[in-house]
Amino acid sequence: MTSPALPADGPRPLDPSTVVVTAGRPARVPGGPLNPPLVLSSTYVSQGEPPAGDLLYARMGTETWSPFEEALAALEGATLPGLVFGSGLAAIAAVFAQVPDDGAIVLPRHTYQAALGLADELAARHGVRVVRVDIEDTAAVIDALEAAAGGAGRPGLLWLESPTNPMLEVADVPVLVEAARERGYLTAVDNTFATPLGQNPLAWGADVVVHSVTKYLAGHSDVVLGAAVTDDPALRAALHGYRTQHGAIAGPSEVWLALRGLRTLALRVERSQATAALLAERLSTHPAVAEVRHPSLPGDPGHERASRLMRGYGSVLGLRPVGGREAADALVAAVRLWVPATSLGGVESSLERRRRFATEAPTVPEDLLRLSVGIEAAEDLWADLDRALRAPEVS
Ligand SMILES: Cc1ncc(COP(=O)(O)O)c(C=O)c1O
């Protein structure tokens, strides 16, 4: 029903920064709306034999989800529509649910902490084997895949985040995906940090890409939403079935807002990435900073891989101030423009000390601050950070 993101007769595919604007629009008809309508209806008129599609009951599908799902597919390079979920974690749960009870989940030790918790729950309740790996060490991950595949059970899932949350490690995703597929694993990439503008893991052979839409895609810190995109019809049907049966669905209003937010994704990401790289460079020589992590820095362990695999280096920074945990807490208390808050990917810059959560991985340093760079003026962000770093006690 909606306009195609890529004109079939065009001389070349549209740039992703155009696709975010054009995808998921209603068909161009005189008098028709430019934007998809927000439809608030829990059910659809029907009788007798149920209709073939999803428009029967709004836990199965709605015409407000479809434009966003089509836009996501266009951005991730899938021919099948994406699947929107009630949160990023709900999308992750749907993918984890594909792992058989005697299978394994191999995942980064610094995966988003709630995903780690979910994997541990599957281990405790269903016997799934959970193997935490250091994704910077490609050979060690392949060894772990080999070992987990050769065990008593079946291979299960290679779950990747790259860059990782919150350590910003960059994986050699194409190599790991290929190694996992060769050994019979399902492969999934949480693409929240990179966004579809930064990398497209389906093109590297990943079976499914997951997003916390809450973050960059929606971009305004006003919705909680998730999505999964796959080009495998059987896997899509399984994820769709999970969503319907577990009721892991999104409200139409949130999805409508997310599509509106998506329209400016390219502008927001371009701006916040540039500012993140500038701040990383300045912070790397700041006297009150012990360590800064951002793949844009030539000395960063992820720099070579990110330069080779990603378009841009992302908008999240890792920062360890001189003075340890107390200095980190003081910095969070001292900033005025940066917002002390969890989450990331909004237009506003925010920061937090990740180990304030007991559930954060123990290998994340106590004093690590995760900074999410927004779209404010770079010099304003720098001035606030610099002042708070130099004299947190007088702020
Ligand atoms: C990388 C990553 N994946 C998934 C999630 C979970 O998404 P949601 O909060 O939308 O459930 C988060 C949330 O912080 C995240 O940072």
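**A pocket between two domains, and a covered strand**

The lining of the second largest pocket holds eight nonpolar, ten polar and five charged residues. The model is a predicted one. In it, this pocket encloses about 370 Å³ of space. Its lining counts 23 residues. Nearest the centre lie Tyr112, Asn165, Ser212, Lys215 and Ser343. Two elements each give two or more residues to the lining: helix 3 (88-96) and strand 6 (208-212).

Where does the second largest pocket lie with respect to domain 1 and domain 2? Domain 1 spans 16-262 and domain 2 spans 265-394. Both give residues to the lining, so the pocket lies between them.

Now turn to strand 12, residues 369-372. This strand pairs with strand 9 (residues 316-321) and the two run antiparallel. Four bridges join them. One of the contacts sets Val316 against its bridge partner Ser372 in strand 12.

Strand 12 also pairs with strand 11, residues 350-353. The sense is again antiparallel, over four bridges. Here Arg353 stands opposite Leu369 of strand 12.

Next, the side chains. In a regular strand they alternate between the two faces of the sheet. On strand 12, Leu369 and Leu371 take one side. Arg370 and Ser372 take the other. Are these four residues buried or exposed? All are buried, and both faces of strand 12 are covered. Buried here means under 20% relative accessible area. Leu369, the residue opposite Arg353, is thus on one covered face. Ser372, the bridge partner of Val316, is on the other.

How values were computed. Residues are numbered from 1 along each chain as its sequence is written. This is a predicted model: local features need pLDDT of at least 70, side-chain atom pairs count only at pLDDT 80 or more; totals for chains, interfaces and linings use all residues. Side-chain values use heavy atoms; hydrogens and water are left out. Buried means under 20% relative accessible area, exposed over 50%, partly exposed in between (1.4 Å probe, protein chains only). Two strands pair if DSSP finds at least two bridges between them. On a 1 Å grid over the protein atoms alone, a cavity is a set of points where a 1.4 Å probe fits but cannot get out, and a pocket is an open set with protein on both sides within 12 Å along at least five of seven lines; lining residues have an atom within 4 Å of a point. Grid points are joined across faces, edges and corners, and a volume is the space filled by probe spheres set on the points. Ala, Val, Leu, Ile, Met, Phe, Trp, Tyr, Cys and Pro count as nonpolar, Asp, Glu, Lys and Arg as charged, and the others, Gly among them, as polar. Domain bounds come from an automatic or database domain assignment.
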